[in-house]
Amino acid sequence: MAKKYFTGSNIQRLPVQLALMVIALLLNMSGAVISKYILLTIQAQVLLGMGLLALLALNYLGRVFFWIEAGRRFQLSYIYPMLSLNYFFSFILGMVLFHETFEWNHLIGSLIIVAGVAYLSITDHQTEGTRDV
């Protein structure tokens, strides 16, 4: 009989684990946005560029911490596909923040990625069984 993931203590830990993954993904995506802003402003406004560079360094430290923590709590085969969600978010943020053009093939491809990640996330082997989470 297959092990059920949504049982007892796993349900209690789910909000913390979900928050950990969401924060790690947000930090990952915000790092890309900050990098883009640095590239757009570094020549015109050096001071703003330097402030964004400092923000990027803090963002990187946060990403390292949250991805290490996610790696400790989740199996690699579960968390690594979650990075693919950045393709969808970068598509949306590119249009909203940088006025990039909408393209149907990007939308369809992004939705296929989201569907694939959703499918992978229903596995019974999400968390590390050898560690106390």
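Me: Is Ser-110 buried or exposed?

Reply: In this predicted model, Ser-110 is buried, because its relative accessible area is 5%. The cut-off for buried is under 20%. Ser-110 sits in helix H5, which covers residues 104-120.

Me: Which residues does Ser-110 touch, not counting those up to four places away in sequence?

Reply: Tyr-87, Phe-88 and Phe-91. Phe-91 belongs to H4 and is itself buried.

Me: What does the side chain of Ser-110 reach?

Reply: Look back along the chain to His-106. The Ser-110 side chain comes to 2.8 Å from the backbone oxygen of His-106.

Me: Let me step back. How many helices and strands does the chain have?

Reply: There are 5 helices and 0 strands. Read from the N terminus, the order is α-α-α-α-α. The chain has 133 residues, and 32% of them count as buried.

Me: What share of the contacts comes from residues 24 or more positions apart?

Reply: First set aside contacts with a separation under 6. Of those with a separation of 6 or more, 72% join residues at least 24 positions apart.

Me: Where can I see such a pair? Which residue is 26 residues from Ile-113 in sequence?

Reply: Tyr-87. The C-alpha atoms of Ile-113 and Tyr-87 are 7.9 Å apart. Ile-113 is in helix H5. Leaving out neighbours within four places in sequence, Ile-113 contacts Ser-84 and Tyr-87. Ile-113 counts as partly exposed, because its relative accessibility is 26%.

Me: And how far apart in sequence and in space are Ile-23 and Phe-66?

Reply: They are 43 residues apart in sequence. From C-alpha to C-alpha, the distance is 7.3 Å. Ile-23 lies in helix H1, residues 8-41. Its relative accessibility is 34%, so Ile-23 counts as partly exposed.

Me: Now helix length. Why does the span of helix H4 agree with its 14 residues?

Reply: Use a rise of 1.5 Å a residue. The count to multiply is one less than the number of residues. For H4, residues 85-98, this gives an expected span of 20 Å. The end C-alpha atoms are 19 Å apart, so the two agree.

Me: Which residues of H4 are buried?

Reply: Leu-85, Asn-86, Phe-91, Gly-94 and Phe-98.

Me: What happens just after H4?

Reply: Check the backbone angle phi there. His-99 follows H4 with a positive phi of about 55°. This is a positive value in a residue other than glycine. His-99 lies in the loop between H4 and H5. Its relative accessible area is 68%, so His-99 is exposed.

Me: On to charges. How many salt bridges does a search of the whole structure find?

Reply: It finds 2. To read a salt bridge, look at the N to O distance between the side chains; the cut-off is 4 Å. Arg-72 and Glu-69 meet at 2.8 Å. Arg-73 also bridges to Glu-69, with the closest N and O atoms 2.9 Å apart. Through shared partners, Glu-69, Arg-72 and Arg-73 join into one network.

Me: Where do Arg-72 and Glu-69 lie?

Reply: Both are in helix H2. They are 3 residues apart, about one turn of the helix. Arg-73 and Glu-69 are 4 residues apart in H2, so about one helical turn separates them too.

Me: Is Glu-69 buried or exposed?

Reply: Glu-69 is buried, because its relative accessible area is 17%. Arg-73 is buried as well. Arg-72 reaches 30%, so Arg-72 is partly exposed.

Me: What about the surface? Which residues form a nonpolar patch?

Reply: Leu-55, Leu-58, Tyr-60, Leu-61, Val-64 and Ile-68. Together they have about 610 Å² of accessible area. Take Leu-58 as the example. Leu-58 lies in helix H2, residues 46-73. Its relative accessibility is 57%, so Leu-58 counts as exposed. The cut-off for exposed is over 50%.

Me: What do carbon and sulfur atoms supply of the area the chain exposes?

Reply: They supply 71%. The chain exposes about 8900 Å².

Definitions and conventions: Residues are numbered from 1 along each chain as its sequence is written. This is a predicted model: local features need pLDDT of at least 70, side-chain atom pairs count only at pLDDT 80 or more; totals for chains, interfaces and linings use all residues. Side-chain values use heavy atoms; hydrogens and water are left out. Helices (H or I, at least four residues) and strands (E, at least two) are DSSP runs, numbered from the N terminus. Buried means under 20% relative accessible area, exposed over 50%, partly exposed in between (1.4 Å probe, protein chains only). Patches are made of residues with over 30% relative accessible area and no salt bridge: like charges are joined within 9 Å, nonpolar side chains (Val, Leu, Ile, Met, Phe, Trp, Tyr) within 5 Å. Accessible areas come from the Shrake-Rupley method with a 1.4 Å probe; for residues, only the protein chains shown count as cover. A polar contact is a pair of N or O atoms within 3.5 Å; within protein, one must be able to donate a hydrogen and the other to accept it, and residues adjacent in sequence count only if both atoms are side-chain atoms. Contact means heavy atoms within 4.5 Å.
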